[in-house]
Amino acid sequence: MSTQESFIIRVAKGLLVTLVLSSVVSADDTLLPDLGDRESAALSPYEEESLGRAFLMQIHRNVPTVDDPILKYFVRKNLYELAEHSDLRVANLTPIVVDSDDLNAFAAPGGIIGVNLGLLIFAHDIHEYSSVVAHELAHLSQRHFARRIDQARQLEVSQLLGYLTSAVIFAAGGTDPALAAMAVSSSLNQNLVFKYSRTQEHEADRIGLNALTDAGFDPMGAVRMFERMKEQFRFDSTPESFLRTHPLTDERIADLRNQAQSTDENDFERSLEYQLMRVRVMHRFFDTAGAAMAHAQSLEGEALHEKYDLALALVRNNQEVRAVELMEEVYEADPNSIVVITCFADLLIKANEGERALTLVDAALANTPNNEPLSLLKAHALRSLERYEDATNVVKRVVRQSSNDPDLWLELEAIAGLAQNIFEVHRARAEVYALRGRFADAIENLQFAKKLIEGTSSILEASLNQRIQELREAAALNS
């Protein structure tokens, strides 16, 4: 076996075990998978980074994720704000937003932090939400996923590779129950007897709470969050994914409360941006316009986020004028917030006011050039105005900044198709396939693209040839 093949097998083993370790729950509800102590870490930083790349490939291939640029921007901004105050040494973080109302969050090697939409629904405020993200960052900074990997290497390689996809899905919240069940079948479970120790979980609580407090969030948010989770799902025979992977005890909550109360007392404001994101998430799960309206009308309607709630319901029920009026009130309360601006622009597009949306985002882009969510909302506005070539050019600029995001390539593929730019369609589709590990399909699409520009640009042809070669090497490495 070549050194390269040996490393790929180690990566596959490490990835699967890492994910299953974060998912298997002991019969003792006071324990989580114990990955050992800090000094016994068996993975080098290089191997962890490789595991992260393999993990992302499987996520992109198997797990439904959120393509909403506003939600993704908020999650990323909050993550980096907390990371600045954590012990994390990873320079680049990759947030994953899973399109599931299941309550869950997870961390994986390579700086990957995942949150389900269900977390934003369950967490009542930014402080509660941030407490969970800070906890996951603590697991990552302490390398809890890089422990006792040597034991995992005793498992059969074929078995590990066979369970890879199901383990990814389980770690992302069990979005496919049948595949998730495979990941914890009895044959695999017999070999995976690791448990997070209470010490490991307490460590993540303590370090996460320090980061939360240092970042300016209310440390009691963690207490409120965990107490409500424990109470709400106390008698649930099938608890939410986060509780299956992070069992809560009275002792842990009491320790959190003691640590939180030892910090300086401050008045913590509610975050309008977070409340807008909660509203945005909730409306994703309303099946009908009537359900959205019934929910909005059940609110008092005085708070700014409740006005946004009603505006979304109104525009869905073809009452665009009133929807825009309500959103103007929200915008006027914080006209410099990128989240507020993009929410307003998005609503204007839904209300068939694309020109006004374009004016709004262009003004904001003058102050923050190349901002990703603003640029994408500009592309959406241009698309609504049937200015497809202009929209294509905007997305091309965005994708050059974030080429590892398949959602951006999918956006480019769709808009280029409307612009009848078949070359860009194939090139964008190739990158989507590449990020999902489907290298043969990626190469095939680049070859199609190459034929379309044959003889017109030697520089572009050379660039495509180089990319095809890179994909062939990646395919060989992952075979």
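**Packing around L137 and the nonpolar cores**

Apart from neighbours within four places in sequence, L137 contacts L79, L82, A83, L88, L93 and I113. The model described here is predicted. L137 is also one of the residues that touch the most other members of the largest nonpolar core, together with Y129, M225 and M277. This core comprises 98 residues, and its largest share, 10 residues, is contributed by helix α18 (residues 338–350). A second core, separate from this one, has 15 residues, among them A442, I443, I453 and A474.

Both Y129 and L137 take part in the contact between helices α3 and α5. Two packed helices are described by the angle between their axes and the distance between those axes. For α3 (residues 69–83) and α5 (residues 126–141), the axes come within 10 Å and cross at roughly 65°. The crossing of α3 past α5 is right-handed. On the α3 side, the contact is made by F74, V75, N78, L79, L82 and A83; on the α5 side, by I126, Y129, S130, V133, A134 and L137. Classified by residue type, this contact contains 10 nonpolar and two polar residues, with no charged residues.

Over the whole chain, the secondary structure consists of 25 helices and three strands. Of the 479 residues, 54% are buried. Among contacts with a separation of 6 or more, 70% join residues 24 or more positions apart. The accessible surface of the chain is about 21,000 Å², and carbon and sulfur atoms account for 47% of this surface.

Technical notes
Residues numbered from 1 in each chain as written. Predicted model: local features only at pLDDT ≥ 70, side-chain atom pairs only at ≥ 80, totals over all residues. Heavy atoms only, no water. Axes fitted to C-alpha atoms, helices over the stretch in contact; angles between N-to-C directions. Helix = DSSP H or I, 4+ residues; strand = E, 2+ residues; numbered from the N terminus. Left-handed = near helix turned anticlockwise from the far one by under 90°. Contact = heavy atoms within 4.5 Å. Nonpolar A, V, L, I, M, F, W, Y, C, P; charged D, E, K, R; others polar. Core = buried A, V, L, I, M, F, W, Y, C linked by side-chain atoms within 4.5 Å. Buried < 20%, exposed > 50% of the residue type's maximum accessible area, 1.4 Å probe, protein only. Areas by Shrake-Rupley, 256 points an atom, 1.4 Å probe, with all protein chains shown as cover.
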